[in-house]
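Let's take a friendly look at the pockets of this model, and at a strand that helps to line one of them.

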Amino acid sequence: KGATWSEPIMLNSQVKADSDKFFGVGPGRGLVTTVNGKERILFPCYTHINNNTENTYVIYSDDQGKSWHRVQVTSNLSSEATLTEADGKIYMFTRWGGYYVSTDGGESWTSKGNVEGISYTKTCQMNAITYSKPIDGKTAILLSAATSERSNGKIFVGLVQDDESIQWKNDKGYAVNDGTFQYSCMTELKDGSIALLYENGKASEYFVKYSMDTLLGQKDSTLTDEATGV
C-alpha cells in the first residue's frame, strides 16, 4: 500500500519515440480499470514533435507497471489530458478542447466530441473525475477548469447520456474563486465530498472541499475553509 518502493525504472525505451522532442506524463492523476478480468493502469501523456504539434496519447500497463504500451489518441492539437471512467467507458478531456471515448480500456478511441453547453479556458490543463453516486439517474462527471484565461476557476457537473454525450447540469458552473486558477486536481473523499487542489499562482496552492449540494447550487458554503500550501 505504498509503504515501500522499488528503484525507479526509465520508461523511455518503451513509450518515447525518437521523433518526440518531449514526452510527458499527466499532469494530474492516472486511472486503474479492469480489462478482460485483468487490472490495467493508464496514464494520459502528450508529446511535442514540433512547435505546432502537441498530440495526446495514453500509456497502459497490464502487469502492474512492469511493461507499458503507448496508444495515440489524437493527431490534432490536444496536449495535456485527463482520464475518467464512466458507464464502463473511459473519457479523455484534452487541454485544447473536446473529449474522446474508449470502450476497450484505452486501446482505441472515438473521434473528437465537442464539450457543448459550458465555457472554459482551453489553453490550460483541466481535471475530470466521475462521482460515485448517480445524479438524476445518470452517471456524473465533474470538470474543474479556469474560465477566464488562467483565472476564475469553476467546477462543472455533467450527466453522461446513452449516446456518450454529456449534458451539463450546472452550465454556469460553481465558482471556486475569482483570482488565479491554473492546474487543478480533484478527488472524491469517503464522505462523498469533493476535494480540489489548484494552483493560484506564485508557486502556491489552495485546497478546498465541497459537498455535491454546494456544486449543484443547493447549498451556499463549502465544507471547510480554503487553506494555502507551499
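In sorting lining residues, Ala, Val, Leu, Ile, Met, Phe, Trp, Tyr, Cys and Pro count as nonpolar, Asp, Glu, Lys and Arg as charged, and the others, Gly among them, as polar. The model is predicted, so local features need pLDDT of at least 70 and side-chain atom pairs pLDDT 80 or more, while totals for chains, interfaces and linings use all residues. Residues are numbered from 1 along each chain as its sequence is written, and side-chain values use heavy atoms, without hydrogens and water.

A pocket is an open set of points on a 1 Å grid over the protein atoms alone, where a 1.4 Å probe fits, with protein on both sides within 12 Å along at least five of seven lines; lining residues have an atom within 4 Å of a point. Its volume is the space filled by probe spheres set on the points, which are joined across faces, edges and corners.

| Pocket | Volume | Lining residues |
|---|---|---|
| Largest | About 280 Å³ | 5 nonpolar, 3 polar, 3 charged |
| Second largest | About 170 Å³ | 4 nonpolar, 4 polar, 3 charged |

The lining of the largest pocket includes Trp 5, Trp 68 and Lys 66. Around the second largest pocket, β6 (81-86), β9 (127-130) and β14 (184-188) each supply at least two lining residues; strands are DSSP runs (E, at least two residues), numbered from the N terminus. Leu 83, Thr 84 and Glu 85 are among the residues lining this second pocket.

In β6, 5 of 6 residues are buried (under 20% relative accessible area, 1.4 Å probe, protein chains only). This strand runs antiparallel to β7 (residues 89-94), joined by 6 bridges; pairing takes at least two DSSP bridges. Ala 81 faces Thr 94 across the pair. The two strands form a hairpin with 2 residues between them, and Asp 87 in the turn has a positive phi of about 55 degrees.

Terms used. Helix = DSSP H or I, 4+ residues; strand = E, 2+ residues; numbered from the N terminus. Buried < 20%, exposed > 50% of the residue type's maximum accessible area, 1.4 Å probe, protein only.
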